[in-house]
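Open the model in your viewer and keep the selection tool at hand. The stops below can be taken in order.

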Amino acid sequence: MKPLHLNTPLLRAAPGLFPQAEVWLKMDALQPSSSFKLRGVGRLVQQAAADGAREIVCASGGNAGLAAVFAARSLGLPVTIVLPNSSSTAVAETIAVRGASVLRHGAVWDEAHLFAVQLAAERGAAYVHPFDHPLLWDGHATLIDEVVATGLEFDAVITAVGGGGLFAGIVQGLRRNGLEQVPVIAVETLGADSLSQSLAAGEAVTLPAITSIATSLGARRVADEALRLAQSHPTVSLTVSDSDATQACVRFADAMRVMVEPACGAALAALSVHEAQLARFKRPLIEVCGGIAVSTASLATWTIHA
Ligand SMILES: *Cc1c(COP(=O)(O)O)cnc(C)c1O
């Protein structure tokens, strides 16, 4: 099966953008759905279609929802996105214009998610979980396959972590390419630091609330598999502030001329914010995960508040 995602460019970072002289960027902001999510979601939706699913259902007003719409429409399947009432009308419109039916249920994501899972079961539809499914991780792992295929030798992978699906995919990708010794730098913003708190506690921690601007990192609890992998694979768990993340988005836009949302800014901020701790890495690879929660207007606001 030909994947629905693109093999995105692997670029060397502009001089001076990071403390290290040689930093490599996997440009998943350039996926047709504007984030890496299409890798895993595309894999999951293709498999569901092959297994006879007649419809796709997803509870996400963000990048996972957008990827589900892109994947379903590419395969000619109807798609229903369930949004909690907390999602804005702008988000609902963004999704509807791309050809999805939009339903509203519940006050917050957890409620929309439970309703959507039940709806999918009733309709014989496939449910797309935003971060917790083995096929998603298998799809996300392709980003490492693509980098390895170029012959680049990197000594760390830096990634943002929300529910941990991307992290799990990266670890899977490293392992299946014989790179199980390459550390992953797992970055969260304060206020969305469910992995960092879980590692410190030695067990899964459910955050009482998400208080970070990086809403795509706002899983109150990470997938169990992500925590398990973070405890078994060489992993450096780090946090940055919202301001670090938004400043990194501005600097990245200026240097690379590509816009990314604060969730991605978290990964971009790590090398500078934690410079001493990460100085030992001479050729790190950053997963530029992208995201739609950014505009020229938000970049302007983040610049003023620098
Ligand atoms: C979903 C998302 C993340 C976090 O991915 P998880 O698999 O939930 O850890 C990070 N950045 C962007 C832009 C996202 O859309």
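The tour goes from the domains to the surface between them and then to single salt bridges.

**Stop 1: the two domains.** This is a predicted model. Colour residues 10–36 together with 134–304 as domain 1, and residues 37–127 as domain 2, following the domain assignment. Taken over C-alpha atoms, the centres of domain 1 and domain 2 are 24 Å apart.

**Stop 2: where the domains meet.** Select the contacting residues: 20 from domain 1 and 13 from domain 2. About 1500 Å² is buried between domain 1 and domain 2, with 58% of that on carbon and sulfur atoms. Now show Ser-33, Phe-36 and Leu-135, which supply 36% of the area domain 1 buries against domain 2, more than any other three residues.

**Stop 3: polar links across the boundary.** Between domain 1 and domain 2 there are 4 salt bridges, and 11 residue pairs are in polar contact. Helix 5 (134–140) and helix 6 (142–150) each supply at least two residues of the domain 1 side that touches domain 2. Helix 5 gives the most to that side, with 5 residues. By class, the domain 1 side has 6 nonpolar, 8 polar and 6 charged residues. Then select Asp-110 and Arg-220, whose side chains form a salt bridge with N and O 3.8 Å apart.

**Stop 4: Glu-146 and Lys-26.** Salt bridges in the model come to 11. In the one between Glu-146 and Lys-26, the closest N and O atoms are 2.7 Å apart. Glu-146 sits in helix 6 and Lys-26 in strand 2 (residues 24–26), 120 residues apart along the chain. Are Glu-146 and Lys-26 buried or exposed? Both Glu-146 and Lys-26 are buried.

**Stop 5: Glu-55 and Arg-123.** Select this pair next; its closest N and O atoms are 2.7 Å apart in a salt bridge. Glu-55 is in the loop between helix 1 (37–50) and strand 3 (56–58), and Arg-123 is in helix 4 (residues 109–123), so the bridge ties together parts 68 residues apart in sequence. Glu-55 counts as buried because its relative accessibility is 11%, under the 20% cut-off. Arg-123, at 34%, is partly exposed.

**Stop 6: Arg-176 and Asp-138.** The side chains of Arg-176 and Asp-138 meet in a salt bridge at 2.8 Å, N to O. Arg-176 belongs to helix 7 (residues 165–176) and Asp-138 to helix 5, so this pair ties together parts 38 residues apart in sequence. Arg-176 is partly exposed, with a relative accessible area of 37%.

**Last stop: a network.** Select Lys-26, Asp-28, Arg-39 and Glu-146 together: salt bridges that share partners join these residues into one network.

Terms used
Residues are numbered from 1 along each chain as its sequence is written. This is a predicted model: local features need pLDDT of at least 70, side-chain atom pairs count only at pLDDT 80 or more; totals for chains, interfaces and linings use all residues. Side-chain values use heavy atoms; hydrogens and water are left out. Domain bounds come from an automatic or database domain assignment. Contact means heavy atoms within 4.5 Å. Buried area is the accessible area (1.4 Å probe) that two parts lose on being put together, summed over both. A polar contact is a pair of N or O atoms within 3.5 Å; within protein, one must be able to donate a hydrogen and the other to accept it, and residues adjacent in sequence count only if both atoms are side-chain atoms. Helices (H or I, at least four residues) and strands (E, at least two) are DSSP runs, numbered from the N terminus. Ala, Val, Leu, Ile, Met, Phe, Trp, Tyr, Cys and Pro count as nonpolar, Asp, Glu, Lys and Arg as charged, and the others, Gly among them, as polar. Buried means under 20% relative accessible area, exposed over 50%, partly exposed in between (1.4 Å probe, protein chains only).
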